[in-house]
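I opened my notebook for a first look at this fold. Here is what I looked up, entry by entry.

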Amino acid sequence: MTSIKDSVALVTGGSRGIGKALVEELYARGAAKVYATARDPRTVTHPDAIPLALELTDPDAVAALAEQAPDVTILINNAGAALGSSFLESPIADIRREFDINFFGPLHVTRALAPVLRSNGGGHILTIHSALSWIAVPGTDAYGASKAALWSQTNALRLALRSNGIRVTGLHVGYVDTDLTAGIDIVKTSPQSVAAQALDGIEADALEVIADDLTRQIKAGLAADPAVLYPQDVASSH
């Protein structure tokens, strides 16, 4: 079992939203040290957190994390972006950028820090996906596809890192009350609830954490006919 108490954690995107809540919850559970990354480290506000500058799309900056945080035992891949790229209408460069941030960014971070975790006796990696890993929603084409790919990445890394004593947990979540969803009028999960469930999952060595009812319903729909997830297509065909 992984213990949060006395651990050394690194949270990407640790200055706001879910990332900020994760930093707070890690300290509340007795973490010895928490590194929090952000494009601008001055935006990391927790008084005890160690801010690190990080641009996920810069491989050199990601590689430097291993030198800046040599004592990490828990890695949380939280940082991501939803840019609203459309498969049919957006420039291919915009679609690639969402994949660079949401898929290749966490991969670079994991590749940089997995050896650190291994040298520190093993550890835990938690990567945050999305309910959109499992369902297509207009306006989120590239975001959903990049998160679906990230889900697959997490599953593959779980198998690859097991022999190194590194556990891997994937977290799926729907609408969270952050800046990203500020303009959406829908029931949302609090960042604090997501953070608590995420750390519960780490401490339980869970393979997967599903943080809300909407995401559970979407996952259940995967086992059914596609018409369950896309009823509008059935309706329009009649």
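**Helix 5**

I began with helix 5, residues 141-161, in this predicted model. Helix 5 has 21 residues, and from its first C-alpha to its last I read 30 Å, close to the 30 Å expected at 1.5 Å a residue.

Next I asked which residues of helix 5 are buried. My list reads A142, Y143, G144, S146, K147, L150, Q153, T154, R158 and L161. I kept a reminder beside that list: an α-helix has 3.6 residues a turn, so residues three or four places apart point the same way. Then I looked for what covers these buried residues, and found helix 4 (92-119), strand 5 and strand 6 (166-172) among the elements that do.

**The sheet**

I turned to the strands. In what order do the seven strands of the open sheet lie? I noted 3-2-1-4-5-6-7, with parallel pairing. Strand 3 (50-53) and strand 7 (208-210) stand at the edges; each has a single partner strand, so one side of each is left without a neighbour in the sheet. From one strand to the next, the twist averages 20°.

I then checked two of the pairings. Strand 1 (residues 8-11) pairs with strand 4 (residues 74-77) in the parallel sense over three bridges, and here L10 stands opposite L75 of strand 4. Strand 4 also runs parallel to strand 5, joined to it by four bridges. N77 has T127 in strand 5 as its bridge partner.

**Strand 5**

How many of the six residues of strand 5 are buried? I counted six of six, so to speak a full row, and wrote the strand down as mostly covered. In a regular strand the side chains alternate between the two faces of the sheet. I sorted strand 5 by face: G123, I125 and T127 are buried on one side, and H124, L126 and I128 are buried on the other.

**Helix 1 and the nonpolar core**

Helix 1 came next. It has 12 residues and reaches 17 Å from first C-alpha to last, close to the 16 Å expected at 1.5 Å a residue. Its buried residues are I18, G19, A21, L22, V23, L26 and Y27. Strand 1, strand 2, strand 4, strand 5 and helix 6 are included in what covers them. Just after helix 1, I found G30 with a positive phi of about 95°.

I wanted to know which residues touch the most other members of the largest nonpolar core. That core has 30 residues, and the answer is L22, L26, I76 and L171. The elements giving two or more residues to this core are strand 1, helix 1 (17-28), strand 2 (33-38), strand 4, strand 5 (123-128) and helix 6 (191-203). Helix 1 gives the most, with six residues.

I followed L26 a little further. Leaving aside its neighbours within four places in sequence, L26 is in contact with I4, A9, V11, A31, V34, I76 and L199. Apart from this core lies another one of 25 residues, and V8, Y35, L65 and A79 are among its members.

**Salt bridges**

My last search covered the whole structure and gave eight salt bridges. I looked up three of them.

The first entry is D200 with R29, whose side chains meet at 2.8 Å, N to O. D200 lies in helix 6 and R29 in the loop between helix 1 and strand 2, so the pair ties together parts that are 171 residues apart in sequence. Is D200 exposed, partly exposed or buried? At 40% relative accessibility, D200 counts as partly exposed.

Another entry is R39 with E55, again a salt bridge, at 2.8 Å, N to O. R39 sits in the loop between strand 2 and strand 3, and E55 in the loop between strand 3 and helix 2 (59-63), 16 residues apart. R39 counts as exposed at 57% relative accessibility, whereas E55 counts as partly exposed at 23%.

The third entry is D40 with R42, at 3.0 Å, N to O. D40 is partly exposed, with a relative accessible area of 27%, and R42 is exposed, at 73%. I closed with a network: salt bridges that share partners join E25, R29, D200 and E203.

Conventions. Residues are numbered from 1 along each chain as its sequence is written. This is a predicted model: local features need pLDDT of at least 70, side-chain atom pairs count only at pLDDT 80 or more; totals for chains, interfaces and linings use all residues. Side-chain values use heavy atoms; hydrogens and water are left out. Two strands pair if DSSP finds at least two bridges between them. Axes are lines fitted to C-alpha atoms, for helices over the stretch in contact, and angles run from 0 to 180 degrees between N-to-C directions. A nonpolar core is a set of buried Ala, Val, Leu, Ile, Met, Phe, Trp, Tyr and Cys residues joined through side-chain atoms within 4.5 Å. Buried means under 20% relative accessible area, exposed over 50%, partly exposed in between (1.4 Å probe, protein chains only). Contact means heavy atoms within 4.5 Å. The expected span of a helix is 1.5 Å times one less than its number of residues. A salt bridge is a side-chain nitrogen of Lys or Arg within 4 Å of a carboxyl oxygen of Asp or Glu.
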